[in-house]
Amino acid sequence: MDSIKKNIRCPQCRTLTEWQENPFRPFCSERCRLIDLGSWASGDYAIVGASVPQDDENTEI
Ligand SMILES: [Zn+2]
């Protein structure tokens, strides 16, 4: 039976968050996940929170 909702604690900010339906697990949010990523990637990764506007001149449909 694994229909029980499991709560986990975000390793980043220690907020209790649900394991189920959480795409960012084991973190509570994308932000915490990115913070953790950044902590070992030493800032090489760009934060991909918002889509950056790009040159759409040659966009294919
Ligand atoms: Zn968190």
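The chain in this predicted model has a short inventory of secondary structure: 1 helix and 2 strands. Read from the N terminus, the order is β-β-α. Of its 61 residues, 13% come out as buried. The accessible surface adds up to about 5,600 Å², and carbon and sulfur atoms hold 51% of that. As for contacts with a separation of 6 or more, just 2% of them join residues 24 or more positions apart.

The zinc site is where things get interesting. Four cysteine sulfurs coordinate the ion, namely the SG atoms of Cys10, Cys13, Cys28 and Cys32, at 2.3 Å. Along the chain, these donors are spaced as C-x2-C-x14-C-x3-C. One pair among them, Cys13 and Cys32, ties together distant parts of the chain: Cys13 lies in the loop between β1 (7–9) and β2, Cys32 belongs to helix α1 (residues 30–41), and 19 residues separate the two. As to geometry, the arrangement counts as tetrahedral because the angles subtended by the 4 donor atoms run from 103 to 118 degrees, inside the 85 to 135 degrees allowed for that label. For four tetrahedral donors, the ideal angle at a metal is 109.5 degrees.

The zinc ligands do not share one level of exposure. Cys32 is buried, since its relative accessible area of 5% falls under the 20% cut-off. Cys13, at 37%, is partly exposed, and Cys28 is partly exposed too, with a value of 24%; both figures sit between the 20% and 50% limits, so neither residue qualifies as buried or as exposed. With all these cysteines about, it is worth asking how many disulfides there are. The count is 0, going by a limit of 2.5 Å between the sulfur atoms of a pair.

Strand β2 offers a second point of interest. This strand covers residues 16–18, and Thr17 is part of it. Is Thr17 buried or exposed? Its relative accessible area is 13%, so Thr17 is buried, again by the under-20% criterion. Setting aside neighbours within four places in sequence, the contacts of Thr17 are Lys6, Asn7, Ile8, Asn22, Phe27 and Cys28. Two of these partners, Asn7 and Ile8, fall within the span of β1 (7–9). Another partner, Cys28, is one of the zinc donors through its SG atom. Thr17 of β2 thus touches a residue of the metal site, while Thr17 itself is not listed among the donors.

Conventions:
Residues numbered from 1 in each chain as written. Predicted model: local features only at pLDDT ≥ 70, side-chain atom pairs only at ≥ 80, totals over all residues. Heavy atoms only, no water. Helix = DSSP H or I, 4+ residues; strand = E, 2+ residues; numbered from the N terminus. Buried < 20%, exposed > 50% of the residue type's maximum accessible area, 1.4 Å probe, protein only. Contact = heavy atoms within 4.5 Å. Donors = N, O, S within 2.8 Å, 3.2 Å for Na, K, Ca; no water. Tetrahedral: all angles 85-135°; square planar, octahedral: opposite > 155°, others 65-115°. Areas by Shrake-Rupley, 256 points an atom, 1.4 Å probe, with all protein chains shown as cover.
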